[in-house]
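Welcome! Here are a few short exercises to help you find your way around a new structure. Take a look at it, then work through the tasks at your own pace.

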Number of protein chains: 2
Amino acid sequence: MRADARRNRELIVTTALDLFAEHGARVSMEEIARAAGLGVGTLYRHFPDRQALLEEIAVDTLQRLMTFSRAAAAEETPRWQVLRLVVEHCAGLPLGLAKTLSSTPISHPELPRLERDLNALFEQLAKGAQEEGTLREDIPPSEVIALLNVAICRPGARADDYLTTVILDGLRR
Amino acid sequence: MRADARRNRELIVTTALDLFAEHGARVSMEEIARAAGLGVGTLYRHFPDRQALLEEIAVDTLQRLMTFSRAAAAEETPRWQVLRLVVEHCAGLPLGLAKTLSSTPISHPELPRLERDLNALFEQLAKGAQEEGTLREDIPPSEVIALLNVAICRPGARADDYLTTVILDGLRR
DNA sequence: CATTAACCTGAGGCCGGGATTCCGCTTGAC
DNA sequence: GTCAAGCGGAATCCCGGCCTCAGGTTAATG
């Protein structure tokens, strides 16, 4: 693969990631191309279709999140600390967007497993935090995840914006 | 106007309101018609186009909210109480959706004034709550409004769901 | 630097879905 | 009973987004 091609591929992925995070998964291929300063044709040279691009980004993002979360969870720090770290890591990511908003059913073989594992890990974390007394206990762990999903995984979210802060404080015991 | 026509008009508005609140403003005319048990043609008998329907609902909703909020603000109760009431009144309303999501620029003559007044009222409320010490003070009043706008005015929000609860608690001093 | 395979561009074809129209059939009102 | 007001929903129009492809560019190599 030529050097410029490799560079462009990377550029496409990061640009698309940004746009998805900022505006949701309905961003058109044209917009991505324009933002990346490329022609649409180039996108199609690297990804057979929109779905493939979406999927690559989704899987990639979830895998990074998984890695990050596993590492954070392995530490000895209080579960609350870990939760906060993960939340901050999540804010602004296009989490779930690719899957939820592109109407196409999941097709990448890794996605289901990844999701299952992430969910399990987060629920574990939430439960742990409740046990150590730092996370309010009137919300079931699974609901904490769902809530964070709505709150943090929104277009334009940032780790330090007011809403994220308020939600974290609201979750504190 | 014939009695059945009047009834249908009302039915269209309430059905559309529900659907917008539940799924956002991108609900199609067909969906609204189906949900109301009417033909699309009937929608167009009552509203010249989609935009008109959206606008009627937007203005109507904002006016009710204005009325409600004015009344609540006039009470002697603590500002926090008032804020909570208003928030609960808002949860699930299609607030802002009509304006934000339909790409058409505002055209109804009442909308700009309504928005300005509502904003002013809410900012007033937030400021009052901060002064009485019930609302955290590290968030500017205008940001409180913006934050609530993101948090409460989302499709499917309900006054007693976990996210609303958490946000209210997170805003508490 | 000449050669060439790999790349890139972006206008245009195609299509799906959603808005809007329209005409024959119904129904409330008098 | 009459008929204007209403209604239904298939047909049509239209927009906007996905994807293709012919023609020009460029990195890599000897």
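The exercises below concern a predicted model.

**Exercise 1.** Find out how chain A is divided into domains, and how these domains touch.

*Solution.*
- Step 1: Chain A splits into domain 1, residues 1-48, and domain 2, residues 57-171.
- Step 2: The C-alpha centres of domain 1 and domain 2 of chain A are 26 Å apart.
- Step 3: Contacts join 10 residues of domain 1 of chain A to 10 residues of domain 2 of chain A.
- Step 4: On the domain 1 side of chain A, the residues touching domain 2 are six nonpolar, two polar and two charged.

**Exercise 2.** Describe the protein surface around DNA strand D.

*Solution.*
- Step 1: There are 22 residues around DNA strand D, and those that come nearest are Ala3(A), Ser28(A), Gly41(A), Gly39(B) and Gly41(B).
- Step 2: Two or more residues each come from helices H1 (3-23), H2 (29-36) and H3 (40-46) of chain A, and from helices H1 (3-23) and H3 (40-46) of chain B.
- Step 3: H3(B) gives the largest share, four residues.
- Step 4: Sorted by class, the surface near DNA strand D has eight nonpolar, six polar and eight charged residues.

**Exercise 3.** Work out what relation links chain B to chain A.

*Solution.*
- Step 1: Chain B superposes on chain A after a rotation of 179° with a shift of 0.1 Å along the axis, at an RMSD of 0.2 Å.
- Step 2: This is the relation of a two-fold axis.
- Step 3: In chain B, Gly170(B) has the C-alpha nearest the axis, at 1.9 Å.
- Step 4: The copies meet through the same surface, because 100% of the interface residues of chain B are also interface residues in chain A.

Conventions
Residues are numbered from 1 along each chain as its sequence is written. Chains are lettered from A and ligands numbered from 1 in the order in which they are written. This is a predicted model: local features need pLDDT of at least 70, side-chain atom pairs count only at pLDDT 80 or more; totals for chains, interfaces and linings use all residues. A residue is near a molecule or strand if its C-beta atom, placed from the backbone, lies within 6 Å of it. Ala, Val, Leu, Ile, Met, Phe, Trp, Tyr, Cys and Pro count as nonpolar, Asp, Glu, Lys and Arg as charged, and the others, Gly among them, as polar. Domain bounds come from an automatic or database domain assignment. Two residues are in contact if their C-beta atoms, placed from the backbone, lie within 7 Å. Copies are superposed by least squares on the C-alpha atoms of residues with pLDDT of at least 70 in both.
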